[in-house]
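Hi everyone, thanks for making time for this. Let me put the model up on the screen, and then we'll walk through how the chains are arranged.

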There are 4 protein chains.
Amino acid sequence: MEEVVIKFIKKPKLRSPVLIEGLPGVGNVGKLAAEHLIDQLKAVKFADIYSKHFPPQVLVNDDGVIRLVNNELYYKKLPKSESDLIFYVGDYQGLTPEGQYMLSSKVLDICEEFKVSRIYTLGGYGMGKMIQDTRVLGAATSNELVEEMKGAGVVFPKGEPGSGIVGASGLLLGLGNLRGLEAVCLMGETSGYFADPKGAQAVLEILTELINVKVDFQDLVDKADQIDAIASKLKDLEETAQAGGGMPTPNPDDLHYIG
Amino acid sequence: MEEVVIKFIKKPKLRSPVLIEGLPGVGNVGKLAAEHLIDQLKAVKFADIYSKHFPPQVLVNDDGVIRLVNNELYYKKLPKSESDLIFYVGDYQGLTPEGQYMLSSKVLDICEEFKVSRIYTLGGYGMGKMIQDTRVLGAATSNELVEEMKGAGVVFPKGEPGSGIVGASGLLLGLGNLRGLEAVCLMGETSGYFADPKGAQAVLEILTELINVKVDFQDLVDKADQIDAIASKLKDLEETAQAGGGMPTPNPDDLHYIG
Amino acid sequence: MEEVVIKFIKKPKLRSPVLIEGLPGVGNVGKLAAEHLIDQLKAVKFADIYSKHFPPQVLVNDDGVIRLVNNELYYKKLPKSESDLIFYVGDYQGLTPEGQYMLSSKVLDICEEFKVSRIYTLGGYGMGKMIQDTRVLGAATSNELVEEMKGAGVVFPKGEPGSGIVGASGLLLGLGNLRGLEAVCLMGETSGYFADPKGAQAVLEILTELINVKVDFQDLVDKADQIDAIASKLKDLEETAQAGGGMPTPNPDDLHYIG
Amino acid sequence: MEEVVIKFIKKPKLRSPVLIEGLPGVGNVGKLAAEHLIDQLKAVKFADIYSKHFPPQVLVNDDGVIRLVNNELYYKKLPKSESDLIFYVGDYQGLTPEGQYMLSSKVLDICEEFKVSRIYTLGGYGMGKMIQDTRVLGAATSNELVEEMKGAGVVFPKGEPGSGIVGASGLLLGLGNLRGLEAVCLMGETSGYFADPKGAQAVLEILTELINVKVDFQDLVDKADQIDAIASKLKDLEETAQAGGGMPTPNPDDLHYIG
């Protein structure tokens, strides 16, 4: 078995496509954002990516049918735009540094094959506290791109993120840059405590302008409301418990089922 | 040394065989079940599988002779049935995700070589509590197989197992499906606290119907009784100890020597 | 860089040599025994083994000159015996299961090249308590070898060692057996708490009979006395401390500098 | 993607250059020293080294532009000296033992390509306590080099460093020696508690004599003063806190931003 196996369902003809990456990460912001866009734009899956760098695991659908954990590529043709779209999403990131490098390299091979004109990677920026007004931070492969992003409302605070960007959202920029690809990372601020649809919405509000598509955000708003409700219930229970009550705390997994 | 080394003792001629996997896992349900079937059907070993993805370890038999930890393949011809049987059992699963993928891939190569018609993987489904009536949960590579299994008494509760199936029992389905092989995972409910012959019996009661063989379960019943006796003794001692007694608790390893 | 690099200083001509392995392990029994034999027999180094499966480390000699951590091969011609000797010793075992398999495989390649007639691997058998009369336990690749070893005073208690033999002392038997090499593991009982020259002596008293050489054990006796003295001092201090004294305990590393 | 990728910006012609390594390590002494020398001598970058053995991470510059974590090679021509200089510095060392071996091997390939005449590796020697007079300890590939270094003020205390030298600073000596390259490790004593510009200065005072260059140390002195100030403030706060005050302790990261 090869390290990374790509199974194409079909090979669409795309005009200088933009690749949008959204894999699991801080607050699942990138994954929530990319999958929302796929849903809204009715993008079509055209490839499955399997790897021994993913967990040795199958997931079981509600009908009892399994599927091997993977990453997936979707496309969406945008006839009114200069660029079509490719989406790169999935269940997991590579489990090891080596796996991360191998997977991002393979995806960049595909970017070159499809003559991708730009890469956007989407992620969360963990603040360790609750967020009111969600900023979208950026990082990019060139000064020109930074300037363009500033014009779109992305902020670039000096010294942030101090620890850099880890995982596919970083590597696609770093390795992409070595191949001469231009790439931007958009990070929505998030507490980092649970899946954060608000962070995803903030990222999408800027990204959709940049790629010139319009989408409805109601699904993300609904998910955010559900999470707020659970978080609020959790807080009440904690206060009750501290006040002497013996009620069990709700399962914190409740906060994760969304996204 | 290659990653996975397969040493054939002989290459039997088999008619569209069914592969049955039972490796160590939750409650050792799969291993207990497959090894019981091998014993009862007097299946014959035809291959040893060695790998650097197993622990660097030899086991010592009671006579002082060693054997390298391995996986093994057995076969049983069933002249009255359409399909003969292959069993895949062993001491360990691969130690790393990569090792898991490499081992399952190699076993699937053998499945293709022997024109395996179906794969059954056997395992336990850990409930984290003592079980009264042991259900057998399933997962499969297609809707048709799910329906067939429902007819055989296998249950497919929506959303279970929530975390998917990890290890060879999952990968043989996931990777097998990519090669067009049909495969089913049968999971016996088990507390997960110790080796569970009852879970193994529940799985076998369904599997033996599916593959149309009859076996005696007395050995598994005896093992279950032994474990119940030890568990009960352990519980008594705990209660005595809590009541003020200072008696030492028995070695919990006692619960593992079976299976 | 290859996984395992063997640098021959020279290639001695040896008559059906016996390979004796003694690498770090429980109580350092195997390493102490093999290195004592090398010293006493004035065996000569003929190869260095380097590997990326060892720690990325150099050791510094007392004169300030470094050497890369390695394994080493020594030989000793025994004109009066049918078989010459090869010793396999070193600073470390492979750090990972994969590294263990690769290193033992390479050493077995050398065994085949030199037409090794038998392998003895030396180790400790940790008892978790202080030992009075040190038994030497065995494991071997065949019943005939087991019987021969029983005649030499090696014991083979049923069910011991229950967890098998881990590391090079086990793999050289397991992988060697697959190549048709006969091999024996000799394990000296040891507390496992510190380096144990007594365990090494017990192993050597049997091994030297088997390979028909005579050696002086005074160095090992002296080392054992030193360790006893430190252990005794440590015990006194502990008792003093428990009796209310505030004296610092000696550095437990003192117990390791030997061996 | 290859294990280690070297991207040459240019290939300078150098006369029997000396390679100076300073990667992150104990007290960051080696990295601080080598980077100070690069700054002072205005050395020029000529190669980037990328590897899947580094973290899957990009760093973000103050202007928002990313760069993939890497190692770098710089050169400085010294027309008045017999030997030009190559510097080997970077963000990280290899994450695994295997990665360490692969990276050092690749750098030694470059040493051979450029006909490097000597290697100096720079590091810290952690004392676990505050240091007044910083000694520079050494280790080398030959007795002749040890003697030469003693003449330059380097000390070689018997039995130190007892645990050897781990990482690139050790491997370049150990693997270099196998290729016939002469190499020295210079280790500045350091508490090991934080980045230590004083340790770096001590190492450089000896190294600059050896390679016959003159540099100003004011930057390192300033950095040391800053760290002393922070350490002193930290100590005051601790004492205040112990005296009953409830003041928050300063972020210990403050001590790391330098270097």
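Let's start with the symmetry. Turn chain B by 90 degrees, with a shift of 0.0 Å along the axis, and it lies on chain A with an RMSD of 0.0 Å. The two copies are thus related as by a four-fold rotation axis. Please keep in mind that this is a predicted model, so these are computed values.

Which residue of chain B comes closest to the rotation axis? That would be Thr96(B), whose C-alpha is at 7.9 Å.

Now take the next step round. Chain C goes onto chain B with a turn of 90 degrees and a shift of 0.1 Å along the axis, again at an RMSD of 0.0 Å. In chain C, the residue that comes closest to the rotation axis is Thr96(C), at 7.8 Å for the C-alpha.

So which chains touch? Between chain A and chain B, 27 residues of B are in contact with 15 residues of A. On the chain B side, the elements giving two or more residues are the helices α2 (97-113), α3 (143-151) and α4 (168-178), along with the strands β9 (136-140) and β10 (165-166). Sorted by class, that side of chain B has 14 nonpolar residues, eleven polar ones and two charged ones.

There is strand pairing across this interface as well. Strand β4 of chain A, residues 57-60, is joined to β10(B) by two bridges, and the strands run antiparallel. If you'd like a pair to look for on the screen, Gln57(A) has Val166(B) as its bridge partner.

What about the pairs across from one another in the lettering? Chain A and chain C have no contact, and their closest C-alpha atoms are 16 Å apart. For chain B and chain D, there is likewise no contact, with the closest C-alpha atoms 16 Å apart.

Let me finish inside one chain, with two helices of chain A. Helix α2(A), residues 97-113, packs with helix α4(A), residues 168-178, at an angle of about 60 degrees, and their axes are 9 Å apart. That makes α2(A) oblique to α4(A). Their crossing is right-handed. On the α2(A) side, the residues making the contact include Tyr101(A), Leu103(A), Val107(A) and Leu108(A), while α4(A) gives, among others, Leu171(A), Leu172(A) and Leu175(A). By class, this helix contact has eight nonpolar residues, four polar ones and no charged ones.

That's my tour, and I'm happy to rotate the view for anyone.

Methods:
Residues are numbered from 1 along each chain as its sequence is written. Chains are lettered from A and ligands numbered from 1 in the order in which they are written. This is a predicted model: local features need pLDDT of at least 70, side-chain atom pairs count only at pLDDT 80 or more; totals for chains, interfaces and linings use all residues. Copies are superposed by least squares on the C-alpha atoms of residues with pLDDT of at least 70 in both. Two residues are in contact if their C-beta atoms, placed from the backbone, lie within 7 Å. Helices (H or I, at least four residues) and strands (E, at least two) are DSSP runs, numbered from the N terminus. Ala, Val, Leu, Ile, Met, Phe, Trp, Tyr, Cys and Pro count as nonpolar, Asp, Glu, Lys and Arg as charged, and the others, Gly among them, as polar. Two strands pair if DSSP finds at least two bridges between them. Axes are lines fitted to C-alpha atoms, for helices over the stretch in contact, and angles run from 0 to 180 degrees between N-to-C directions. Angles under 35 degrees count as roughly parallel, over 145 as roughly antiparallel, 65 to 115 as roughly perpendicular and the rest as oblique. A crossing is left-handed if the near helix is turned anticlockwise from the far one by less than a right angle, and right-handed if clockwise.
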